[in-house]
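Hi there,

Here is the structure I promised to pass on. Please have a look at it first, and my notes follow below.

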Amino acid sequence: MELAVIDLSPYLKSESESEGQLKELCSLVSRSLRETGALLVKDPRCTAEDNDRFLDMMEHYFDSSSDFKRLHERPHLHYQVGVTPEGVEVPRSLVDEEMQEKLKQMPKQVQPATPKGPDCKWRYMWRVGPRPSETRFKELNAEPVVPEGFPEWKETMDSWGYKMISAIEAVAEMAAIGFGLPKDAFTSLMQQGPHLLAPTGSDLRRYGQEGTVFAGYHYDLNFLTIHGRSRFPGLNIWLRNGQKIEVKVPVGCLLIQTGKQIEWLTGGDCIAGMHEVVVTNRTTDAIKLAMEQNRILWRVSSTLFGHIASDAVLKPLGHFADSPLASKYPPIHAGDYVEQELSVINLKGNKGQV
């Protein structure tokens with residue numbers, strides 16, 4: 001099964017389209033998020049050139065020495081700004097016993113790779129967008145960290161970050177319309193959210209062997225996640241029906257995945273998409289080509305986590321409040337929910353062994 005590819009242009013220029021056509025497009029977005037937990041979008045505001053400029057800079061950063069990169073880690077802020085070194089993020093599948101039981105019941109051919117320990121990837125967290133002037137969740141809304149020697153850093157991060165948030169907001173509006181909610185049902189809750197541009201860097205010289213797990217099987221704790229195209233394949237996702245797909249993002253497209261916050265807001269009508277990043281034979285082919293072309297051997301993902309505002313309350317919206325599953329999603333502040341999740345995956349200063 002191929003993921004749906006949605007061109008956002010007709011929606012962004014909605015005056016040139018009939019109401020019926022737009023409604024059909026919005027229904028396709030909500031149906032894709034509900035049935036597959038993912039979709040591919042084309043947004044004319046996010047070009048392949050923008051993605052390349054971002055990837056070029058992040059490859060040079062991750063290719064720097066570990067000592068240099070560690071100057072930018074902020075463990076006391078839950079690693080929610082600056083760099084997270086490899087060996088810190090713990091995949092949910094390693095610590096969640098209920099999830100481990102579910103994995104054992106999956107058919108062998110669709111089971112995820114088994115991580116041996118924490119993820120062997122670095123990550124850089126860069127907060128995008130305005131902060132709330134008053135919030136109960138100060139550390140989730142912390143000041144950004146700018147590495148020395150990268151004069152273009154702030155402009156490149158902000159530019160790509162804002163463009164990807166714009167794409168998420170358009171998809172969120174379309175999904176709301178498709179679900180029969182007010183157009184701003186989701187986007188009004190996203191205002192001043194702790195959105196994070198969070199590229200990962202995986203060292204293919206050290207960890208380029210087929211089967212290596214860069215990011216163990218997990219879901220995302222935020223609202224919607226958006227990825228630009230990576231130069232090295234390896235992302236596997238699981239559809240709601242249990243099917244496993246190796247994602248191929250076409251040039252000029254972005255991948256959007258459902259996170260736990262949209263699951264909460266739709267009372268389980270959408271569920272958070274499960275995924276992993278693993279070295280496959282397609283990854284090793286891309287590594288060989290990169291070596292021939294004398295390119296930097298780091299796999300960078302241009303990932304952005306779109307969040308609901310920390311002080312907003314997560315609860316099933318509109319008609320989703322009447323769903324039979326709604327009781328599984330009691331009201332909780334988004335910031336409290338995020339902190340609970342971070343403590344499980346080891347990003348909240350919890351350095352205990354797993």
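Let me start with the overall form. For 354 residues, a compact globule would be expected to have a radius of gyration near 20 Å, and the protein comes out at 19 Å, so the two agree. Please keep in mind throughout that this is a predicted model.

Along the principal axes, the C-alpha atoms take up a box of roughly 50 × 50 × 45 Å. The secondary structure consists of twelve helices and 16 strands. Of the 354 residues, 59% are buried. If you look at contacts with a separation of 6 or more, 81% of them join residues that lie 24 or more positions apart.

The surface may interest you for your own setup. The accessible area is about 15400 Å², and carbon and sulfur atoms contribute 50% of that. As for charges, there are 40 positive and 47 negative ones, and the mean positions of these two sets are 3 Å apart.

Next, a strand that I looked at in detail: β12, which runs over residues 274-278. How many of its five residues are buried? The count is five of five, so to speak a full house. On one side of the strand sit M274, E276 and V278, on the other H275 and V277, and all of these are buried, which leaves both faces of β12 covered. Note that E276 is among the buried residues here, in case you want to look at that side chain yourself.

Which strands pair with β12? One partner is β7, residues 213-218, which joins β12 in the antiparallel sense through three bridges. In that pairing, A215 is the residue opposite V277. Another partner is β9, residues 235-238, also antiparallel to β12, this time over four bridges. There, I237 faces H275 of β12. V277 and H275 both belong to the side of β12 made up of those two residues.

Finally, a single residue from a helix. S32 is located in α2, the helix that spans residues 19-35. Is S32 buried or exposed? Its relative accessible area is 8%, and because buried means under 20%, S32 counts as buried. Leaving aside residues up to four places away in sequence, S32 is in contact with A4, G37, A38 and L39.

That covers my notes. Do write back if you would like to go through any of these places together.

Best wishes

Technical notes. Residues are numbered from 1 along each chain as its sequence is written. This is a predicted model: local features need pLDDT of at least 70, side-chain atom pairs count only at pLDDT 80 or more; totals for chains, interfaces and linings use all residues. Side-chain values use heavy atoms; hydrogens and water are left out. The radius of gyration is taken over C-alpha atoms; the globule rule is 2.2 Å times the number of residues to the power 0.38. Buried means under 20% relative accessible area, exposed over 50%, partly exposed in between (1.4 Å probe, protein chains only). Contact means heavy atoms within 4.5 Å. Accessible areas come from the Shrake-Rupley method with a 1.4 Å probe; for residues, only the protein chains shown count as cover. Lys and Arg count as positive and Asp and Glu as negative; His and the chain ends are not counted. The place of a charge is taken as NZ of Lys, CZ of Arg, CG of Asp or CD of Glu. Two strands pair if DSSP finds at least two bridges between them.
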